[in-house]
Amino acid sequence: MTLQTGLAAQFGIKAQTNYDTPATVDRFYEFESEAIDTDVGIIRMPQLGAGRFLRSDRRKAYIRGARGAATFVVMNKGFGLLLEHCIGQNTVTGAGADKTHTIIPDANALQGKALTVQVGRPDVSGTVQPFTFQGCKVTDWELKCAVDEALKLTATFDAKTVVEASALAEASYPTALEPFIFTEGALTINGTTTFVKGATIRSSNALATERRGLTNTKKEPLANGIASVTGSLECEFEDLTKYSAWVAGTVVANLVLTFTSPTLIPTTAVPFSLTVTIPAIAYNGKNPTVGGPDVVMQPMEFEALNNGSDPVISLVIKTSDTAS
């Protein structure tokens, strides 16, 4: 008997060959929550001569697309594909069992990249109903970790359309999955270890998602603005270094956030790991303020900048996955 609650839900994806050609999902993720909503357009046509109330045949509905976010605990396997579609391109290297996935922004600003996403939503009769979102682009994403928590990824999807006719794919998951958690995390800035209680890195890909025309055709979203990579650090007020850099507008080199698992990749001496590198940042505040007798905190917002030579952001994943 199938469970009749969210415990029976599933979330799968598959890279499409192009924006207009859907695929059958075959990569599945454990997930914390999802809220991808069908965007239904409604045209109401109240007209004089048709009475005081809107007639039933003067209202038409259509699917404009879909949009919404899903949150995942980041695991040691399987995340190359999802993060590639968040950021741009993934280059996989390594001759042994350990593979290095290097994910950086691509020159085409995600053009040509799309996913089919299928969410299995259980109804109370015990049927898992498939909602298949085709032509999905990641418009925004966020990596976040804090004390006593796991590393989490939230991705916001924009879909060309949603169908219910696709069959529910049979979910399967990699073996020996392990999450990255806060005890495995470390942050350095300009090569110096920095004490933080939490770190968040987020990005907006600045895509034109409303390329819709007659016949309700939706064309592939294209870059139409300056993409951003920003973040925040939850820091104690240690000294004036960050404050001085903020008020002076100093560009600070190399923010590096690394999660290193105690588990080694099988047949190697290499641990599973995920490293985020931002070569140049500038702080956007704030002041340390005294709110009571506790330790004075100094939350620091920052933005990534293009230093002219390195990718604005890169993610390097050490894993056993042989492909994105």
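## Aromatic pairs

Helix α2 (residues 241-248) holds both Tyr 243 and Trp 246, which are 3 residues apart, about one turn of the helix. This placement, like every other value in this report, belongs to a predicted model. At a relative accessibility of 29%, Tyr 243 is partly exposed; Trp 246 is likewise partly exposed, at 25%.

In the whole structure, the search returns 8 aromatic pairs. One of them joins Phe 28 and Tyr 173 in an edge-to-face arrangement, with 6.3 Å from centre to centre and 65° between the planes. This pair connects distant parts of the chain, the two residues being 145 residues apart: Phe 28 belongs to strand β2 (residues 27-28), while Tyr 173 sits in the loop between β10 (161-163) and β11 (185-189). Phe 28 is buried, with 6% relative accessible area, whereas Tyr 173 is partly exposed at 36%. The rings of Tyr 243 and Trp 246 also form a pair; their centres are 5.8 Å apart and their planes stand at 80°, so the geometry is edge-to-face.

Ring pairs also build a cluster, which links Phe 11, Tyr 29, Phe 31, Phe 72, Phe 79 and Phe 157.

## Strand pairing around β18

Strand β18 (residues 228-234) pairs with strand β13 (residues 198-204) in the antiparallel sense, over 7 bridges. Within this pairing, Gly 198 has Glu 234 of β18 as its bridge partner.

Strand β18 is also joined to strand β21 (residues 300-304), again antiparallel, by 4 bridges. Here Leu 233 is matched with Met 300 in β21.

## Cysteines

The number of disulfides in the model is 0. A disulfide requires two cysteine sulfur atoms within 2.5 Å. For Cys 145, the closest cysteine sulfur is that of Cys 235, at 14 Å, and therefore too far for a bond. The converse also holds: from the sulfur of Cys 235, the closest cysteine sulfur is in Cys 145, at 14 Å, which is too far for a bond.

Both side chains belong to residues with little accessible area by the cut-off for burial, which is under 20%. Cys 145 is buried at 7% relative accessibility, and Cys 235 is buried at 1%.

## Nonpolar surface patch

Val 40, Ile 42 and Ile 63 make a nonpolar surface patch of about 210 Å². Among these residues, Ile 42 is located in strand β3 (residues 33-44). The relative accessible area of Ile 42 is 32%, so this residue counts as partly exposed. That value meets the requirement for patch residues, which is over 30% relative accessible area.

## Positive phi outside glycine

Most residues other than glycine have a negative phi. Against that background, two residues may be described. Leu 110 has a positive phi, near 70°, and is not a glycine. Its place is the loop between β6 (99-105) and β7 (115-122). Thr 267, also not a glycine, has a positive phi of about 70°, and Thr 267 lies in the loop between β19 (252-264) and β20 (271-283).

Are these two loop residues buried or exposed? Leu 110 is buried, with a relative accessibility of 4%. Thr 267, by contrast, is exposed at 78%.

Methods. Residues are numbered from 1 along each chain as its sequence is written. Side-chain values use heavy atoms; hydrogens and water are left out. Buried means under 20% relative accessible area, exposed over 50%, partly exposed in between (1.4 Å probe, protein chains only). Patches are made of residues with over 30% relative accessible area and no salt bridge: like charges are joined within 9 Å, nonpolar side chains (Val, Leu, Ile, Met, Phe, Trp, Tyr) within 5 Å. Accessible areas come from the Shrake-Rupley method with a 1.4 Å probe; for residues, only the protein chains shown count as cover. A salt bridge is a side-chain nitrogen of Lys or Arg within 4 Å of a carboxyl oxygen of Asp or Glu. Two strands pair if DSSP finds at least two bridges between them. Rings of Phe, Tyr and Trp (its six-membered ring) pair if their centres lie within 6.5 Å; planes under 30 degrees apart count as stacked, over 60 as edge-to-face and the rest as tilted.
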